[in-house]
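Please look at the sequence and the structure shown here before reading on. The report that follows is written for a reader who is new to describing proteins.

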Amino acid sequence: IYTDNLGGASTFQLTVNVANGWNMVSIPGLHPTDQNVNTWWAFRDPGANVFRYAGGYQSVTDAIPGTGYWMNTQEPEHITPETNGLQVE
């Protein structure tokens, strides 16, 4: 298990690069707004669901920190969610 002391900070900025097509993504903590996949990945392909694997692929609407998800994009993106910081869980 890897842990890091963020200098006592309980929030941080996040920047993510995703490729065109399906990407394995996760969230490191709690978004200050909510955990909906549209909040986390507003740039994703609106015609494709976000999936997790649990004995089979399951469509999800909310993300859980540390869980892996398949998310589709229509073009490469360099994303920095517009927040005041993500809450470390």
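The text below goes from the chain as a whole to its aromatic pairs, its nonpolar core and two loop residues.

**The chain as a whole**

The model is a predicted one, and its protein chain holds one helix and nine strands. Following the sequence from its start, one meets these elements in the order β-β-β-β-α-β-β-β-β-β. The protein chain has 89 residues, of which 31% count as buried, and it exposes about 5800 Å², with carbon and sulfur atoms supplying 49% of that area. If one takes the contacts in the protein chain with a separation of 6 or more, residues 24 or more positions apart account for 70% of them.

**Aromatic pairs**

Three aromatic pairs are found when the whole structure is searched. A pair of aromatic rings is described by two values, the distance of the centres and the angle of the planes. Two of the pairs are set out in this table.

| Pair | Distance of centres | Angle of planes | Arrangement |
|---|---|---|---|
| Trp 22 and Phe 51 | 6.0 Å | 50° | tilted |
| Tyr 53 and Tyr 57 | 4.9 Å | 70° | edge-to-face |

Trp 22 belongs to strand E3 (residues 21–25) and Phe 51 to strand E5 (residues 50–53), so their pair ties together parts that are 29 residues apart in sequence. Trp 22 has a relative accessibility of 44% and therefore counts as partly exposed, since that value lies between the 20% and 50% limits. Phe 51, with a relative accessible area of 23%, is partly exposed as well. Tyr 53 and Tyr 57, by contrast, are both exposed.

**The nonpolar core**

Which residues form the largest nonpolar core? This core has 11 residues, namely Val 18, Val 25, Ile 27, Val 37, Trp 40, Trp 41, Val 50, Val 60, Ala 63, Tyr 69 and Met 71. Helix H1 (37–40) and strand E7 (69–73) are the elements that give two or more residues to it. Val 25, one of the core residues, touches Val 18, Trp 41, Thr 67, Gly 68, Tyr 69 and Met 71, when residues up to four places away in sequence are not counted.

**Two residues in loops**

Gln 35 is placed in the loop between strand E4 (29–30) and H1. Is Gln 35 buried or exposed? Its relative accessible area is 18%, and because buried means under 20%, Gln 35 is buried. The side chain of Gln 35 reaches the backbone oxygen of His 31 at 3.0 Å, and a polar contact of 3.2 Å joins this side chain to that of Trp 40. Apart from residues up to four places away in sequence, Gln 35 touches Ile 27, Gly 29, Leu 30, Trp 40, Thr 61, Asp 62 and Ala 63; among these, Ile 27, Trp 40 and Ala 63 are also members of the largest nonpolar core.

Thr 67 sits in the loop between strand E6 (57–60) and E7, and with a relative accessibility of 23% it counts as partly exposed. Although Thr 67 and Ser 26 are 41 residues apart in sequence, they are 5.8 Å apart in space, taken from C-alpha to C-alpha. Thr 67 is in contact with Val 25, Ser 26 and Ile 27, leaving aside its neighbours within four places in sequence, and of these contacts Val 25 and Ile 27 belong to the largest nonpolar core.

Technical notes. Residues are numbered from 1 along each chain as its sequence is written. This is a predicted model: local features need pLDDT of at least 70, side-chain atom pairs count only at pLDDT 80 or more; totals for chains, interfaces and linings use all residues. Side-chain values use heavy atoms; hydrogens and water are left out. Helices (H or I, at least four residues) and strands (E, at least two) are DSSP runs, numbered from the N terminus. Buried means under 20% relative accessible area, exposed over 50%, partly exposed in between (1.4 Å probe, protein chains only). Contact means heavy atoms within 4.5 Å. Accessible areas come from the Shrake-Rupley method with a 1.4 Å probe; for residues, only the protein chains shown count as cover. Rings of Phe, Tyr and Trp (its six-membered ring) pair if their centres lie within 6.5 Å; planes under 30 degrees apart count as stacked, over 60 as edge-to-face and the rest as tilted. A nonpolar core is a set of buried Ala, Val, Leu, Ile, Met, Phe, Trp, Tyr and Cys residues joined through side-chain atoms within 4.5 Å. A polar contact is a pair of N or O atoms within 3.5 Å; within protein, one must be able to donate a hydrogen and the other to accept it, and residues adjacent in sequence count only if both atoms are side-chain atoms.
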